[in-house]
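User: Hi! Could you walk me through this model?

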Amino acid sequence: MTMELTPESRLAAHCELAQQTRDLMDAVALTEVKEDELLAVTAELAALTERLRAASRATPLPFDISPDGNLRHLGNAVIGGANPMALPLVVEMDGLTARAEVTFRPLHEGPPNGVHGGISAMVLDHLLGQAAAAAGFPGMTGTLTLRYLRPVPYGTPLVATAEHTRAEGRKSWADGRIALPDGTPLVEASGVFVMPTAWLGRHPGT
Ligand SMILES: CCCCCCCC/C=C\CCCCCCCC(=O)SCCNC(=O)CCNC(=O)[C@H](O)C(C)(C)COP(=O)(O)OP(=O)(O)OC[C@H]1O[C@@H](n2cnc3c(N)ncnc32)[C@H](O)[C@@H]1OP(=O)(O)O
């Protein structure tokens, strides 16, 4: 795991840029402006893209320790505040349950008016993995099994939860779900996480 010391003010500015980019992506997905305006905005964006490429890294921001002492991963595709692809999901531990409130956006559309199944899977993959890690059994996803019970709406606050269920050697298991606030499950997931041999001895408890 690579650790870097980057000033917090720069990281905050990077996160603001990512949030502005999310707003841009939402606007792109929904815009109805005329063709000449589409072309004009595209040209401006191309210029902005070049400005950002003037100094760039080979990989997104790595794991580091935030000022409050927690492990964070600002470059992560699900939780990373500096990654415009990320929702970003804010995961909290409630005892041994990983919990995140999530409101998907039209940008996440798969079926008409519904969230893409792969997006739900991505969120659950992360949450199950974080539950396993919080229980002391971090690993790479080996197998992820999903059951899509009901269409997942966007624009509606939902709750995603996961808990570690058992471990055996380098393998650990976790279950999770995305549900309506009243508990009605929409998607359920089970996962097997395998700690790669390269991680052995590099994480507390291994
Ligand atoms: C430096 C330390 C840093 C630690 C930081 C931790 C902080 C945590 C904080 C926050 C949590 C974040 C949470 C993130 C969540 C998202 C995670 C992802 O999206 S991960 C990306 C998608 N997954 C992959 O890309 C895997 C690719 N596959 C592999 O790398 C390997 O195949 C791997 C590691 C899964 C297994 O490789 P092998 O060589 O270690 O496996 P073998 O030795 O053959 O098997 C070991 C045991 O595991 C079972 N196993 C192997 N593969 C399996 C599979 N695919 N499914 C189920 N079981 C499997 C085998 O049957 C075996 O079991 P038997 O010991 O015999 O009982």
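User: Which strands do the buried residues of helix 3 pack against?

Analyst: Happy to help, and please keep in mind that this is a predicted model. Helix 3 covers residues 117–134, and its buried residues include I119, V123, L127 and L128. The strands that these buried residues pack against are strand 4 (97–102), strand 5 (140–148), strand 6 (158–168), strand 7 (171–179) and strand 8 (185–194).

User: How far does helix 3 reach from its first C-alpha to its last?

Analyst: Good one to check by hand! Helix 3 has 18 residues, and at 1.5 Å a residue the expected value is 26 Å. The computed reach is close to that expectation, at 26 Å.

User: Which residue takes a positive phi just after helix 3?

Analyst: Helix 3 ends at residue 134, so look a little further along the chain. There you will find a phi of about 100°, and the residue that takes it is G136.

User: In what order do the elements of the protein chain run?

Analyst: The protein chain has three helices and eight strands. Reading from the N terminus on, the order is α-α-β-β-β-β-α-β-β-β-β.

User: What share of contacts between residues at least 6 apart in sequence joins residues at least 24 apart?

Analyst: For some background, 26% of the 206 residues of the protein chain count as buried. As for the contacts between residues at least 6 apart, the share that joins residues at least 24 apart is 59%.

User: Where does UniProt place the feature "domain: Thioesterase"?

Analyst: The feature comes from an unreviewed UniProt entry. Its span is 32% helix and 36% strand, with end C-alpha atoms 33 Å apart. UniProt places it at residues 115–170.

Conventions. Residues are numbered from 1 along each chain as its sequence is written. This is a predicted model: local features need pLDDT of at least 70, side-chain atom pairs count only at pLDDT 80 or more; totals for chains, interfaces and linings use all residues. Helices (H or I, at least four residues) and strands (E, at least two) are DSSP runs, numbered from the N terminus. The expected span of a helix is 1.5 Å times one less than its number of residues. A residue is buried if 20 or more other C-beta atoms lie within 10 Å of its own, exposed if 12 or fewer, and partly exposed in between; C-beta atoms are placed from the backbone. Two residues are in contact if their C-beta atoms, placed from the backbone, lie within 7 Å. UniProt positions are given in the numbering used here, feature names are shortened, and annotations may be inferred rather than shown by experiment.
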